[in-house]
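Dear colleague,

Please find below the structure that I am handing over to you, together with its sequence. My notes on two of its regions follow.

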Amino acid sequence: MCFAVDYRRVLKSMESRGFGRINMSVNIVALGNERDGVSEDSQQPSLIWSYLGRSVLISQMNSSLSPSHVGKQVFTKYQACIFGNVRLVVHDCPVWDIFDSDWYTSYRLIGGADIIVIKYSVNDKTSFQELKDSYVPMVKKALNHCSVPVIISAVGARKNGVPCSCPLCSSDRRSCVTNSEGVQLAKELGATYLELQTLNDFYIKKYFGGVLEYFVIQSLNQKSSEKVKKRKKVQKCCRVQPPQLEQPENMPILKGEASRYRADLYNLLSCCQCADVAFYSEDLSMAVEAHKIILCSVSHLFMLLFGVKSWSDTHDASIVQLAQSLFAVEAGHPFRSFPHGAPPCVLPVRVVVKDSVFFSCLPDILHFIYSGASQWERLEEDIKKKLKDTDKTEHVLEKVKCILKTPGKLNTVKDCKSHQIKQLRNTSLRLFFNTPVLADVIFKVQGAMVPAHRAILVARCEVMAAMFNGNYLEGNSILVPVYGVPKDTFLSFLEYLYTDSCCPGI
């Protein structure tokens, strides 16, 4: 009884929240005959009619009969108002053979239902067995795993307490349906099981009505939430978009926490995890490891060198000439393994640096690139200290400028200032997001293949770093399945790792 009283309070709060002002409806489909066809009064009102006639929530009720079907009434359609202007539409179908003779109508009714009520008489064992064996599987198929609430109502008081067990009476229509049989049927459908001994005020209004009204409220809550989300989405699409401004260099991404984007990529060089390229001196005595995706994100020359861009598509002769004169790309050496986490299925690239002076400054140049190419003056200073020769310093710096050069543009010191190169790398790394170019791992999310780059993942995410560099199966796998995460959510996560933002244009 407390159950029903609590829901009366809920119903009042629903009205105060304005459900009557929202154009919504709840569709209920009631299946089965709760009357005992042998001795029950055929004029006894049905369960649905009894509830609609007694509920204090129902107003403006009317009913209509369906067209006759093989001499029988197929269903009765009731329409009423609840919570003011919310429409309650009920199709009461007492004849199960609608599934046999009118497949389209039965599946259409169930497919459009918000709540399903299955009724039977506890004194009609034959009808119950037919319901269980023939029609419940059809209902489950029509639902097709949809999360529609189902109420199973066992109606009537059992008239023969202990059914006869002799063979001659095994099919006796008067055998009772036991409580355990009804509960088992409810388990098969994932339904709520109710026993209604009689259709009086207690069983109709407070017992059956309380459960039905609970599911009505849940349905309205869900539909109201969907309408609000849809309205917000439409408003967002129609809203004038604000101008896209450049993100400040140290803009906090969380309260009290500055962005670690540049620091994460810089640390990648220090630990050299997932390095997939090694620069060698001409005599092959020394090597400096790096990452193709970081180099390609700031340099068109490295895009040519590692096959991201085609030589024939490059019309800047100075970049092509420098690439050919300064570097020589060789296939990965079969006897050399990378000690810092490159997967065995990805062949390392060996690049010989033909200029010994440039190679001696390569660690400083890589530090400059990995730090966001934002400290040109410091790079000049470090190379001057190392070489102690003005001509050699100028020689190396000119090559660095050409490496960072945008094809077709003049190469100046101003082009290498911090804000120019920082913007270049941020936008270029976005070009590698969710593309197979240089990718060395593929995530399988909800059946979709999402390519990615281990270097970026390891640098920007501690969990990914542990996964790819620890003793896990994923560390040596190209294809990594992802479970329990929607594709759009996973893509937003990857976009943040690559660009430090989930907002295109920022």
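**Helix 6 and its two faces**

The face of helix 6 turned away from its buried side carries Ser180 and Lys187, both of which are exposed. Please bear in mind that this model is predicted.

Helix 6 spans residues 179–189, and its buried residues are Gly182, Leu185, Ala186 and Leu189. These four lie on the same side of helix 6, because they cover an arc of only 100° around the axis. As general background, an α-helix has 3.6 residues a turn, so residues three or four places apart point the same way.

What covers the buried residues of helix 6? The cover includes one helix, helix 5 (125–143). It also includes strand 7 (115–121), strand 8 (150–155) and strand 9 (192–196). After helix 6 comes Gly190, which has a positive phi, near 65°.

**Helix 8 against helix 13**

The second region concerns helix 8 (residues 261–271) and helix 13 (residues 362–370), which pack with their axes 8 Å apart and at an angle of about 155°. Angles over 145 degrees count as roughly antiparallel, and helix 8 and helix 13 are therefore roughly antiparallel to each other. The crossing of helix 8 past helix 13 is right-handed.

On the side of helix 8, the contact is made by Arg262, Leu265, Tyr266, Leu268 and Leu269; helix 13 contributes Leu366, His367 and Tyr370. Sorted by character, the residues of this contact between helix 8 and helix 13 comprise six nonpolar, one polar and one charged.

Yours sincerely

Conventions. Residues numbered from 1 in each chain as written. Predicted model: local features only at pLDDT ≥ 70, side-chain atom pairs only at ≥ 80, totals over all residues. Heavy atoms only, no water. Buried < 20%, exposed > 50% of the residue type's maximum accessible area, 1.4 Å probe, protein only. Arc of directions from axis to C-beta. Contact = heavy atoms within 4.5 Å. Axes fitted to C-alpha atoms, helices over the stretch in contact; angles between N-to-C directions. Parallel < 35°, antiparallel > 145°, perpendicular 65-115°, else oblique. Left-handed = near helix turned anticlockwise from the far one by under 90°. Nonpolar A, V, L, I, M, F, W, Y, C, P; charged D, E, K, R; others polar.
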